[in-house]
Amino acid sequence: MGVIENPPSARRLMSSLRNLGYDSYRAVMDLIDNCLDADASEVVLDITGSRDKGDMVITVSDNGRGMDEATLKEALRLGSETEHDPTDLGAFGLGLVTASISQARRVEVLTRTANGPILAGGFDLDAISESNRFDIWLRPAEDGADRRPQGTVIRLLRIDSLSNWDPTTFANTLRKRVGQTYRKFLRAGVRIRIKGKLAEPIDPLMQNHSETEVVLDDTFVLDNDHIIAIKAVELPDLGLAGNTDLGITPRNAGFYVVRNNREIIAAESFDLFTKHAEVAHFRAEISFDGSLDGYFKVDVTKSRIDVANQAFIDKVKEVCQTLVKQSALRKRRRANVSRGGLDHRIAEDMISRKSKLIPKPPALLEKREPRRNQGTHSQGDGAREREPRHQEFKTPTGLKVVFEEGEYGDAGYYQVKQDRSTVIITYNREHPFWRELVAHSDDPKVIALLDYITFGLCMTHLMMPESAEAVKQQLNATLWALLA
């Protein structure tokens, strides 16, 4: 029958694209990316209306180049064919459409180039659903439209998905996110105003703090061509209150990845370490430009990165692994980590004996190469080499657990990390659960029961770190509320 065009269902596709994974802050920042790619020096965001009245509107305006008719048409196209420069913040030709529809059902655009007419464009998801066609409108703006000399205004209407429905709270959170994400642009003079207040640059490496120590500031070359910059710091220890106020926590430790001067990933571990209180003071910034997009697979929402080049990971480990260990050692000394006064031998011995029955995280499974025959087996004149077995064998290693005690402020009543086949669990002497209920117990069975329960939580943490971290934070908050 030959080749025929078989376009997707507009109704179903747009519905699916609404669930790409944007939160509201990332969606708005995707629109800011478009403003900065248009060389805007000023971006203004406003959030008006209320959820109760159903009239909430997000407006993003800039003083950039603006768009002519052809450019506006491409911007409203799902998968723009406009060629992107490697220095652009956008890379997929999807940003304006996907970011907008993740939050709103109607998008309106007003734009003007320096010497061109004011153009209006947009689309409506309800109309697309009814017609099942990717219809947009594109026409000269009506009289009375914004008469700015040049630039673009994007309005998101009929908003039905927002991370926080209180306009002031939403704006305050967004301002902080923008301050960190675009810190290099803000330092260079770009002004981003959100609900009347300017976003200020926020440096997660806290380089302006007098007690922050820069432990690495270097570049390395990937594939003899691409330059990657890396800077690592050791943050100061300001005590329980000071660390909490400045967000010096395990959750914020790690690598901050910057592409074309825009942060795309925050506090990534790259599997170099577990988010433990001992590494709370280690942070690093990795910077590269869009020419490395083939090596770093950034998703559409700019919220996740997959490193496709093992040489990069190897280099990061080479230059940073020792720094992470040194940071952890400093924290252990400050936290007075020791075996403590309680006897945990009952649980340690039982867990060791039962280790074969205990589910283990991947890092506690030993990989062995398949056995290969070293010669031939004679079978008369038809002697031939036996085919090697291409099966990977995995055997559980002997599991060992060690219980320690330390002083970690409000970092949770336990900390866990993994050293090869050993799981190291450190109780926090400063936590109210420990102070009120554990430290005064002299019954070995009670201590063993606590150890078993904590070990189960810790193994969940190691096997499912993302979900387990949320459970741990909620558990910690509840215990503090009940016992503090």
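**Exercise 1. The chain as a whole**

What share of the 484 residues of the chain counts as buried? Then describe the fold and surface of the chain.

*Solution.* Keep in mind that this is a predicted model. Start with burial: 45% of the 484 residues count as buried. Next, take the secondary structure. The chain has 13 helices and 20 strands. Now turn to contacts with a separation of 6 or more. Of these, 68% join residues 24 or more positions apart. Finish with the surface. Its accessible area is about 25600 Å². Carbon and sulfur atoms hold 48% of that area.

**Exercise 2. Cysteines**

Find how many disulfides the structure has, then classify Cys35 and Cys458 as buried or exposed.

*Solution.* Search for sulfur pairs within 2.5 Å. The search of the whole structure returns 0 disulfides. Now check accessibility against the cut-off: buried means under 20%. Cys35 has 2% relative accessibility, so Cys35 is buried. Cys458 has 0%, so Cys458 is buried too.

**Exercise 3. Aromatic rings**

Count the aromatic pairs, then work out the geometry of Tyr413 and Tyr414.

*Solution.* The whole structure holds 12 aromatic pairs. In the pair of Tyr413 and Tyr414, the ring centres are 5.3 Å apart. The planes meet at 85 degrees. Planes over 60 degrees apart count as edge-to-face, so this pair is edge-to-face. Now add burial. Tyr413 has a relative accessible area of 7% and is buried. Tyr414, at 2% relative accessibility, is buried as well. Last, look for a cluster. Ring pairs link Phe220, Phe255, Phe270, Phe273, Phe282 and Phe312 into one.

**Exercise 4. A hairpin**

Describe how β19 and β20 pair, and find the residue with a positive phi in their hairpin.

*Solution.* Set the limits. Strand β19 covers residues 414-419, and strand β20 covers residues 422-428. The two strands pair in the antiparallel sense, over 6 bridges. Pick one position to check the register: Gln415 stands opposite Thr426 in β20. Then inspect the turn. The hairpin has 2 residues between the strands. Arg420 takes a positive phi there, near 55 degrees.

**Exercise 5. One side of a helix**

Which residues of helix α1 are buried, and why do they lie on the same side?

*Solution.* Helix α1 spans residues 10-17. Its buried residues include Ala10, Met14 and Leu17. These three cover an arc of only 60 degrees around the axis, so they sit on the same side of α1.

Key
Residues numbered from 1 in each chain as written. Predicted model: local features only at pLDDT ≥ 70, side-chain atom pairs only at ≥ 80, totals over all residues. Heavy atoms only, no water. Buried < 20%, exposed > 50% of the residue type's maximum accessible area, 1.4 Å probe, protein only. Phe/Tyr/Trp six-rings, centres within 6.5 Å; stacked < 30°, edge-to-face > 60°. Pairing = 2+ DSSP bridges. Helix = DSSP H or I, 4+ residues; strand = E, 2+ residues; numbered from the N terminus. Contact = heavy atoms within 4.5 Å. Areas by Shrake-Rupley, 256 points an atom, 1.4 Å probe, with all protein chains shown as cover. Arc of directions from axis to C-beta.
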